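Here's a structure you may not have met before. Let's take a walk through it together, one stop at a time.

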Amino acid sequence: MNSILSGLGMSRPIIAAPMAGGPGTPELAGAAASVGSLGFVAGGYRTVEALGEQIASVRARTRFFGVNLFVPNPVPVERDAYDRYARLVQAEADRYDLDLTGVGPREDDDGWSDKIQLLLDDPVPLVSFTFGLPSETTIAALRRAGSVVVQTVTSPAEATLAQDAGVDLLAVQASAAGGHSGTLDPATVPPEIPLGDLLAQVRAVTTLPLIAAGGLGTADAVASALHAGAAAVMVGTVLLRSEESGASKPHRAALADPSRGRTLVTRAFTGRPARALRNGFTDRYSPVAPLGYPALHHLTGPLRRAAAAAGDPEAINLWAGTGYRHATEEPAAQILTRLTDHTPMITTV
Ligand SMILES: Cc1cc2nc3c(=O)[nH]c(=O)nc-3n(C[C@H](O)[C@H](O)[C@H](O)COP(=O)(O)O)c2cc1C
């Protein structure tokens, strides 16, 4: 296992998670690599052209990085439920002179086949997947091209499927994680199993090396995830306020706001379960949001962008894991170094 990680330039068993939608940047990936961690190009939501540009920008900083893609696992929304939800959310959009009700649901696959082709034509050191499991053929082709392939899993059953499909590593994501759950079954909110317990459950069904993710914010928490059998950890939320993060100003401020007391799992923003800080939008719409990814993502996108530009945290997806209180305003390299203070460096024998 250590040889896979050291082959990726890693001397610290910590990975800076992919964070689509703005927070993940080439600067963040470069900062991670500079201290022997590993960072990502978040390929989700981008066009294939923009993905190519991001890869080039990270390559200018380091040759070690991963690319993360959303695997199509559509949950088509029922038209009536979509229209009803669009009319409800329009109450928020009115404040920004936006009309969300004029167009029907947009279902797409996030440019899947073009992105895979790009990664086959111009391979990168690591490719990771979330939301769905690619076919065995796609996984095998990426591995033949020289990429290490990682699958996000949220349960032992998903770990078994991913192992059978031929991936190299599993990113075991607990419910505590910020942002979307990688669950293959978005109709069900993943149970709140502590990361250590989930690692043990997954370890019982697979011998693949595990990357532990979800809620990690301190060096002690990192050390205990490694002690529980993970080969490395992956952190997202704790980097959101770092200098290199592309998180919006209101998102950064909300993470540091002592009056924001908790996170919750909601599908109100995108139609898929994701953990966020509680705000006005989650209070009003979590109870009534239908299932439906990516249609709900596209529906609320313009509203979220307008709210972010206006500095209004109440209508933004404030993605955050349960460890958000540990997110500090520091250079990312310092955060990643501090989190692995109590942890042996990776050595190859
Ligand atoms: C703002 C944000 C965006 C995220 N975007 C992605 C993504 O694009 N792809 C992905 O696989 N995981 C994504 N995640 C989840 C991370 O991969 C990881 O599971 C999570 O950050 C770990 O939990 P933590 O946030 O508590 O550290 C995101 C997380 C956050 C906080």
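What follows is a short tour of the ligand's surroundings, a pair of helices and two spots in the loops.

Before we set off, keep in mind that this is a predicted model. Start at the ligand. There are 22 residues around it, and the ones that come nearest are Pro 18, Asn 68, Gly 215, Gly 236 and Thr 237. What classes of residue make up the shell around the ligand? Count them up and you get 12 nonpolar and 10 polar residues, with no charged ones.

Now look at some of the polar atoms there. Gln 173 reaches in with its side chain: one of its polar atoms sits 3.0 Å from an oxygen atom of the ligand. Pro 18, already on our list of nearest residues, takes part through its backbone, where an N or O atom lies 3.3 Å from a nitrogen atom of the ligand. Gly 214 also uses its backbone, with a polar atom 3.5 Å from a ligand oxygen. And how much of the ligand does the protein bury? On its own the ligand would expose 590 Å², and the protein buries 96% of that.

Next, move over to helix 5, which covers residues 112–121, and helix 6, which covers residues 136–144. Their axes come within 9 Å and cross at roughly 25 degrees. Angles under 35 degrees count as roughly parallel, so that is how helix 5 runs relative to helix 6. Helix 5 brings Trp 112, Ile 116, Leu 119 and Leu 120 to the contact, while helix 6 offers Thr 138, Ala 141 and Leu 142. Sorted by class, that's six nonpolar residues and one polar, with no charged residue in the contact.

Two loop spots round off the tour. Just ahead of helix 5, in the loop that links it to helix 4 (79–93), you'll find Asp 97. Its phi is near 55 degrees, a positive value in a residue that isn't glycine. Further along the chain, Pro 294 has its place in the loop between helix 11 (280–285) and helix 12 (295–310). The peptide bond joining Tyr 293 to Pro 294 is cis, with omega at about 5 degrees.

Methods: Residues numbered from 1 in each chain as written. Predicted model: local features only at pLDDT ≥ 70, side-chain atom pairs only at ≥ 80, totals over all residues. Heavy atoms only, no water. Near = heavy atom within 4 Å. Polar contact = N/O pair within 3.5 Å; in protein donor to acceptor, adjacent residues only side chain to side chain. Areas by Shrake-Rupley, 256 points an atom, 1.4 Å probe, with all protein chains shown as cover. Nonpolar A, V, L, I, M, F, W, Y, C, P; charged D, E, K, R; others polar. Axes fitted to C-alpha atoms, helices over the stretch in contact; angles between N-to-C directions. Helix = DSSP H or I, 4+ residues; strand = E, 2+ residues; numbered from the N terminus. Parallel < 35°, antiparallel > 145°, perpendicular 65-115°, else oblique. Contact = heavy atoms within 4.5 Å.
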